[in-house]
Amino acid sequence: MKRPLALGSSGPTPLRGRSQELGQLLEVLRRAARVGQGAVVVLSGESGIGKTALLQQAASQAQRFGFAVGYGRAEERLSIPLAPVLSSLRSGPAPLMSSGAFQGLAPLGDQPLWLVDAVGNALEQTTSTRPVMLVLDDMHWADQLSAFALRVLPGRLAGTPTVWLLATRPDLGGPADEALKAAAPELPTLALTLPPLSTEAVEQIAYDHTGAPPDARLQALLAGASGSPFLAVELLDGTLAEMSDTAPEALPAQLLLGVRRRLSTMPPQAQLLTRTGAVLGRSFTVADAAHLIGTVSINELLASLDPLVHSGVLTDDGGVLTFRHDLLWQAVYEGIPASQRRAWHRQAAQHLFDSQGRAVEAAAHAMVSAAPGDVEAVTILRRAALEVAATMPMTAAELATCAVALLTPQDPQWMEAAQEAILILARSQQTQRAVSMADQVLAQGPDADITTRVLSFLARPLWAMGMLQQLRDRIDLTLVRDDLSERARVRLYAQQALTDSHARDLDLGRKTAQDALTQARELGDAEAEETALWALGEIERNDGRNRQALRYFEQLRQLRGEPYSVDEILTFQLVDDYDASSQQIRQALDEAGADGDVGLQVVLHFAHMWHQYSLGRIDEAETSALVAIKAGEELQEYAFMTEARLVLCRVAQLRGDTRSARIHLELAEDIPRSDDGTSAMMLLFMRAWLAESEGDLDSARILAQQVVSETITFRHRCRWEASWMVEAARIARRSADQDLMRDVACLADTLAQRNPDVPTCRGTAAHIKGLAAGDWQLLESAVTALRDSPRILLLADAVCDYGQAMLAAGIREKAVEAFDEAGILFRQAGAVGEVRRMQAQLRQLGVRRRWASAADRPSRGWDALTQSEKRVAQLIAQGYTNRAAAAELLLSPNTVATHLRAVFGKLGVKSRVQLANVMRESGWL
């Protein structure tokens with residue numbers, strides 16, 4: 001175990017052989033202090049290569065540069081989530097966070113994503129007065145929440161002088177490398193790998209220790225250190241002084257022998273304390289060691305501590321003993337006979353488990369010592385898995401599956417442990433492992449209640465992954481059983497209806513869900529009722545019956561006791577009730593953002609994205625889509641990312657930027673997909689739009705037909721999207737495809753009939769009928785209907801097509817009026833490409849409009865910013881934090897961060913400091 005950094009000290013000896021690496025680190029610090037922009041540095045190297053010494057020098061220099069410095073390190077064994085990051089906030093004589101503020105984080109312990117946000121807010125606040133450097137050591141052992149924080153926080157704090165210095169062992173794809181990759185697009189990064197020291201550097205270390213150049217014998221001995229400064233110091237300190245020259249490849253055995261010799265000179269109780277401590281971990285308490293020994297009191301062990309501390313084997317911070325280096329700890333541990341190690345691990349597991357709140361610590365020992373059939377170890381692992389399921393789901397999954405692996409299906413605990421594992425695997429989004437475990441359970445022929453419970457665990461993850469057929473197959477096999485209770489059967493029918501919610505013929509699923517809902521209410525089974533309402537809402541929405549869907553989603557929200565529902569929000573938008581949509585979105589943002597960043601909840605930003613896009617606010621829609629994608633990448637939640645790329649693709653097209661639209665399509669094609677057809681349909685939309693934009697009408701026509709044809713087997717709400725149907729009708733008209741036009745018109749007419757009170761639906765049906773017939777009167781009625789719709793882009797499209805029809809009819813004056821109005825509407829939405837199209841139409845008619853020439857927004861400078869970006873820039877330049885700006889503007893902090901990244905790019909600045917300077921100098925503030 002490494003000694004914590006002595007912040008403010010330059011170290012006991014000079015740093016040899018690392019001048020180049022130290023120089024690179026110092027340049028990062030100087031730049032951060034000068035520019036006000038942070039950085040991520042990853043320092044990698046094998047154990048003993050000198051990472052900690054270099055961290056110490058960098059921390060010392062950072063303090064001289066005026067940085068506030070925090071130090072934390074990860075532990076190998078299971079630890080408190082976010083422990084290294086949290087400990088860095090309270091390290092050293094001048095902690096980054098006050099004790100009161102730090103204690104204020106405690107209530108967020110069971111809300112890990114909000115806890116990460118709170119840490120980010122605290123760091124952002126600190127950087128408003130001075131630059132910050134966080135030094136995090138041993139990050140190859142980082143817990144999952146720490147790894148998540150390292151992927152997320154550097155990017156969120158990109159505009160602040162926050163330097164992240166992470167030390168790790170070489171581990172491609174580990175937490176530190178993931179942090180480096182996540183940060184690379186937004187702020188400077190540096191990867192340093194420490195090679196073995198040169199012979200000259202090792203000899204300089206020898207000179208520092210002995211005061212004289214090493215003689216030939218010492219040089220030969222130092223060659224065995226293989227360039228490791230730690231091993232060189234151990235040799236010089238006498239750990240291996242009695243050994244003769246041996247081959248470098250035997251060095252680990254030499255170290256083991258040297259440590260044994262060092263310990264052999266110490267009192268027996270000191271030796272026993274060291275060995276039991278090594279089993280407990282790199283850090284341990286005397287009380288825990290005394291419990292393992294059993295025959296020696298705590299006071300006796302404390303009396304034996306002095307030689308261990310004085311010889312440099314252990315350090316003592318007054319409560320916890322720590323091995324001075326992990327190589328020392330490993331050497332002591334390897335020197336203990338395997339049978340003794342296992343026995344002590346077993347004792348440690350039981351002791352820590354019996355100690356209140358230490359099941360997670362106990363689990364680490366249980367996994368090492370457990371043998372097949374070890375019931376006590378299984379109990380420990382299961383308890384630990386349940387304790388960390390909410391905060392460390394991946395860790396919980398490993399603990400739960402390890403518990404099951406120790407048992408056979410014949411063991412009494414196996415069935416219950418397996419069910420827990422399925423639930424934990426499903427919640428941690430390890431769907432395939434959950435399915436595999438579920439199949440093991442179902443293969444045992446459990447009773448109907450257990451079978452139904454297992455399928456309930458699988459329903460939501462399989463749904464999210466689009467693996468509906470896998471769920472359906474298991475349901476069908478279960479429904480033929482004779483021992484199903486009425487309650488179990490109803491739950492299965494409700495799940496069965498859910499699997500039918502995307503089918504070509506939705507009537508069967510509708511009837512199944514309605515029957516299940518009736519029976520669930522008669523039985524008072526809330527679980528079956530929820531599933532049935534969910535299925536009915538999906539079925540009705542996918543069938544274009546949005547009013548009915550809205551009623552079911554409202555009932556589902558009320559049954560769950562939730563203040564808002566994303567499904568309900570999306571359906572409000574489909575019936576033109578954007579006031580209700582806005583109200584629920586605002587309530588969701590306020591409640592989710594009260595103690596953390598709602599940007600981490602991808603689905604809310606997804607709903608907000610569609611809200612803004614539908615209202616023709618394409619700048620805001622773009623921001624929400626980017627936030628949803630960023631949050632999805634952070635959480636590795638891909639369910640909504642293809643639709644977010646669809647919106648970005650469409651926004652780029654509306655701006656006339658076909659190149660960016662194609663980039664979004666290519667990125668969408670790389671997103672991990674479900675197999676329920678949703679992603680495939682979104683990709684068809686994008687490809688058809690692009691093909692039409694690029695003049696490939698034949699490809700556009702074929703792609704559009706695949707979506708609107710009644711013969712397709714997959715149903716989805718986006719198939720009824722009005723802007724898509726209008727575009728498909730235009731493709732049909734331009735390519736003279738009567739079959740495609742008929743199918744699109746039928747689809748639009750069906751939607752209008754099913755939603756007669758929704759102006760968007762009525763107007764879109766009339767619009768497409770007018771395009772099909774080339775009838776300006778029908779198009780005029782479409783314009784009239786769409787004036788009652790809040791969707792200005794649909795109105796603009798209808799007005800434009802009405803103008804074309806008037807022009808074809810020779811009514812020039814009306815055509816000019818229509819193109820003029822369409823141009824104004826497109827300009828209002830920021831659809832620059834469409835404005836240019838209207839400009840071209842008017843020029844052909846000999847008409848020029850100033851609004852047309854003013855439509856293009858520059859790509860750089862203040863005028864390139866949207867109104868939202870300007871508001872964010874002004875607040876941040878005035879010293880607001882992201883969180884404070886979000887509260888002022890009624891946005892989420894993640895949305896503010898996305899706006900701020902755009903501001904930096906358009907103004908050519910890299911930090912808040914530069915932003916404030918530029919805005920003051922230019923008079924924008």
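R382 and E420 are both buried, and in this predicted model their side chains pair up in a salt bridge, with 2.8 Å from N to O. The pair ties together distant parts of the chain: R382 sits in helix α19 (residues 375-388) and E420 in helix α21 (residues 414-427), 38 residues apart.

R472 and D500 tell a similar story. Their side chains form a salt bridge at 2.7 Å, N to O. This pair also links distant parts of the chain, with R472 in helix α24 (residues 468-479) and D500 in the loop between α25 (486-499) and α26 (507-523), 28 residues apart. Both R472 and D500 are buried.

Then there's E75 with R73, whose side chains meet in a salt bridge at 2.5 Å, N to O. How exposed or buried is each partner here? E75 counts as partly exposed, because its relative accessible area is 25%, whereas R73 is buried, because its relative accessible area of 16% falls under the 20% cut-off.

Here are the three pairs side by side:

| Salt bridge | N to O distance |
|---|---|
| E75 and R73 | 2.5 Å |
| R382 and E420 | 2.8 Å |
| R472 and D500 | 2.7 Å |

Salt bridges can also join up into a group. D507, R510, E540, D543, R545 and R754 are connected in a network of them.

So how many salt bridges does the count come to? The total is 55 salt bridges, and the pairs in the table are among them.

How values were computed:
Residues are numbered from 1 along each chain as its sequence is written. This is a predicted model: local features need pLDDT of at least 70, side-chain atom pairs count only at pLDDT 80 or more; totals for chains, interfaces and linings use all residues. Side-chain values use heavy atoms; hydrogens and water are left out. A salt bridge is a side-chain nitrogen of Lys or Arg within 4 Å of a carboxyl oxygen of Asp or Glu. Buried means under 20% relative accessible area, exposed over 50%, partly exposed in between (1.4 Å probe, protein chains only). Helices (H or I, at least four residues) and strands (E, at least two) are DSSP runs, numbered from the N terminus.
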